[in-house]
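Let us walk through this structure step by step, beginning with one helix and its surroundings and then turning to the pairing of charged side chains.

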Amino acid sequence: MPYDPQKHHRHSIRLKGYDYTQPGAYFITICTKGKQCLFGNVVNGEMQLNSLGHIAFNCWQTIPEHFPHIELDTFVVMPNHIHGILIITDNPVGARQCLALNQHPNHNTEKFGQPVRGSISTVIGSYKSVVSKRINIIWQTKGQSIWQRNFYEHIGREQKSIDNIREYIVNNPQRWADDPENPRHNSDILDYLFDIPF
């Protein structure tokens, strides 16, 4: 299936029964809660990160330190979402977790509340949690998630598809004016959920 940015970044195509610990390239999109622009702004086609955007960026860079079977590929922090490609290189048995999660390593498939060690869902859950915790420290709040509840992914099965996704990620800031995630295109985003103290 060819990569379609409108379809694949807006709808999860998580496959029932698919083993999300197996090697491969996974295109990930994570949106902020209410799609509020928390991470900075796009100026002249370039993303300008604020302090929260730097947290989101830096935490992504440390994923392989906590999950050694993960390699980072193309990645961008946008004002209210992130796009990135994570590559699972081998079996995640023994992968260290950056957060204490309810893990059941004997289960082959994920169930709600029971993440599988080293799976894409576990990696993203840990990433989202640590970013929220660090931002909560800045905001002096507790337990406030800055993210939407889920994330979107697309499994890159062919090199051409992966190359198209890389190009889409790299060019995302230049297309911000027309991006469907841009609050200018969605009046539902105008009711902000957070009072940002900066």
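What follows is an explanation of a predicted model.

A convenient starting point is helix α2, which spans residues 51-61 and whose buried residues are L52, G53, I55, A56, C59 and W60. These residues lie on the same side of α2, because they cover an arc of only 155° around the axis. The elements that cover them include the strands β1 (24-31), β3 (46-49), β4 (70-77) and β5 (81-88), together with the helices α3 (63-66) and α4 (120-139). At the N-terminal end of α2, N50 acts as a cap, with a side-chain oxygen 3.0 Å from the backbone nitrogen of L52.

We turn next to charged side chains. Those of opposite charge can pair when their charged atoms come close, and a search of the whole structure finds three salt bridges. One of them joins K35 to E181, with the closest N and O atoms 2.9 Å apart. Since K35 lies in the loop between β1 and β2 (40-43) and E181 in the segment after α5 (159-171), this pair ties together parts that are 146 residues apart in sequence. Both K35 and E181 are buried.

Another salt bridge brings together the side chains of D73 and R166, at 2.7 Å from N to O. D73 belongs to strand β4 and R166 to helix α5, so this pair ties together parts that are 93 residues apart in sequence. R166 also forms a salt bridge with D163, the closest N and O atoms being 2.9 Å apart, and these two residues both lie in helix α5, three residues apart, or about one turn of the helix. R166 is partly exposed, with a relative accessible area of 24%, and D163 is likewise partly exposed, at 36%. D73, D163 and R166 are thus linked in a network of salt bridges.

Notes:
Residues numbered from 1 in each chain as written. Predicted model: local features only at pLDDT ≥ 70, side-chain atom pairs only at ≥ 80, totals over all residues. Heavy atoms only, no water. Buried < 20%, exposed > 50% of the residue type's maximum accessible area, 1.4 Å probe, protein only. Helix = DSSP H or I, 4+ residues; strand = E, 2+ residues; numbered from the N terminus. Arc of directions from axis to C-beta. Contact = heavy atoms within 4.5 Å. Polar contact = N/O pair within 3.5 Å; in protein donor to acceptor, adjacent residues only side chain to side chain. Salt bridge = Lys/Arg side-chain N within 4 Å of Asp/Glu carboxyl O.
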